[in-house]
Structure formats: structure tokens, C-alpha cells
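Here is a short briefing to read alongside the model. Take a look at the sequence and the fold, then follow the points below.

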Amino acid sequence: MKNLKNVLLINAVSSGATGLGLIAFAAPVAVLFGANNPVPVTGVGIFLLAFAILVFTESRRATHNLNMVKLIIALDISWVIGSIVIVLLQLFNLTPLGYLAIGTVALWVAGMAYLQVNGMKRLTTA
């Protein structure tokens, strides 16, 4: 799992699966989060699907484009920071389950960012 290629692939698969799930089940997810409108859930799903394609493409490269890997890491870190703000400030008047889900996903994404940073360091020091 420490190999950058594998970490990127896991990030792509988990992001893509989450994106597809949010698109397919936007209305029930919105209800679980205490929202009346499923459109934002669908929007997040579409973003995650696009992100997954970007990460998957990079994971398949024989030689990684370090600028692209840095972009992926920056997007992951931005996701974590945004999630922390939403949870700490209790934005959007979500249900406790909604905030818990956001926090849990943020932990996963933080783990992906950490592993990607370490994988990139191994490439640049090798």
C-alpha cells in the first residue's frame, strides 16, 4: 500500500465508488443528511467522479507527473480542510449522521493525502 501507484489507485476507486453512490442515491443521502434538496449531493458525486478519473489516469502512468500528484494531494487536503470547517462550524444545519459521515470521509481522505505525500517523497529521494 505504500507504493504511490497503489495509493493513487485506491484513492481513485474509493472516490469513484463514493461519487457513483452519491449520484445514484442522492435523494436518500440528502434525507439522511437532513437536506431537502438532493442537487448538492449529486454535485459532490459528479465532482468525485471527475476527481476519480483524474487520479485513476495518474495511477496508471509508468512515470508519475509529480505536478499532477501535487495537485491531487492539494485537492485532498482542500477536501479535508473544507470538511473540518463544515463539521466544526456545523454549517448547513445537517443531521448528526451527516456531520459524522463528513468527518469520517475527511479522515479517509487525510489518510490518502498522507500516503500520497510519503509515496511522492520515496520517488523523489530514490
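Ile 77 is partly exposed, because its relative accessibility of 40% falls between the 20% and 50% cut-offs. This residue sits in helix H4, which covers residues 66-88, and it belongs to a nonpolar patch on the surface. Please keep in mind that this is a predicted model.

**The nonpolar surface patch**

- Along with Ile 77, the patch takes in Ile 81, Ile 84, Val 85, Leu 88, Leu 89, Leu 91 and Phe 92.
- Together these residues offer about 790 Å² of accessible area.

**The loop between H4 and H5**

- Two residues to look at here are Gln 90, found in the loop that joins H4 to helix H5 (96-125), and Asn 93, found in the loop between H4 and H5.
- Gln 90 has a phi near 50°, which is a positive value in a residue other than glycine.
- Asn 93 also is not a glycine, yet its phi is positive at about 50°.
- How accessible is Asn 93? Its relative accessibility is 69%, so it counts as exposed.
- Gln 90 counts as partly exposed, because its relative accessibility is 44%.

**How H1 packs against H4 and H3**

- Helix H1 (residues 4-24) packs with H4 at an angle of about 45°, and their axes are 13 Å apart.
- That angle makes H1 oblique to H4, because it is neither under 35 degrees nor within the 65 to 115 range.
- The crossing of H1 with H4 is left-handed.
- With helix H3 (residues 39-59), the axis of H1 comes within 7 Å, and the two cross at roughly 155°.
- H1 and H3 are therefore roughly antiparallel to each other, since angles over 145 degrees count that way.
- H1 passes H3 in a crossing that is left-handed.

**Two residues of H3**

- Ile 53 and Val 55 are worth viewing side by side: Ile 53 lies in helix H3, and Val 55 lies in helix H3 as well.
- Are they buried or exposed? Val 55 is buried, with a relative accessible area of 0%, whereas Ile 53 is exposed, with a relative accessible area of 56%.
- Ile 53 and Gly 16 are 37 residues apart in sequence, while their C-alpha atoms are 7.6 Å apart in space.
- Val 55 and Gly 119 are 64 residues apart along the chain, and 14 Å separates their C-alpha atoms.

**The salt bridge**

- How many salt bridges does a search of the whole structure find? The search finds one.
- In a salt bridge, the side chain of Glu 58 meets that of Arg 61, with 3.5 Å from N to O.
- Glu 58 counts as buried, because its relative accessibility is 3%, under the 20% cut-off.
- Arg 61 has a relative accessibility of 37%, so it counts as partly exposed.

Methods
Residues numbered from 1 in each chain as written. Predicted model: local features only at pLDDT ≥ 70, side-chain atom pairs only at ≥ 80, totals over all residues. Heavy atoms only, no water. Patch = residues over 30% accessible without salt bridge, like charges linked within 9 Å, V, L, I, M, F, W, Y side chains within 5 Å. Areas by Shrake-Rupley, 256 points an atom, 1.4 Å probe, with all protein chains shown as cover. Salt bridge = Lys/Arg side-chain N within 4 Å of Asp/Glu carboxyl O. Helix = DSSP H or I, 4+ residues; strand = E, 2+ residues; numbered from the N terminus. Buried < 20%, exposed > 50% of the residue type's maximum accessible area, 1.4 Å probe, protein only. Axes fitted to C-alpha atoms, helices over the stretch in contact; angles between N-to-C directions. Left-handed = near helix turned anticlockwise from the far one by under 90°.
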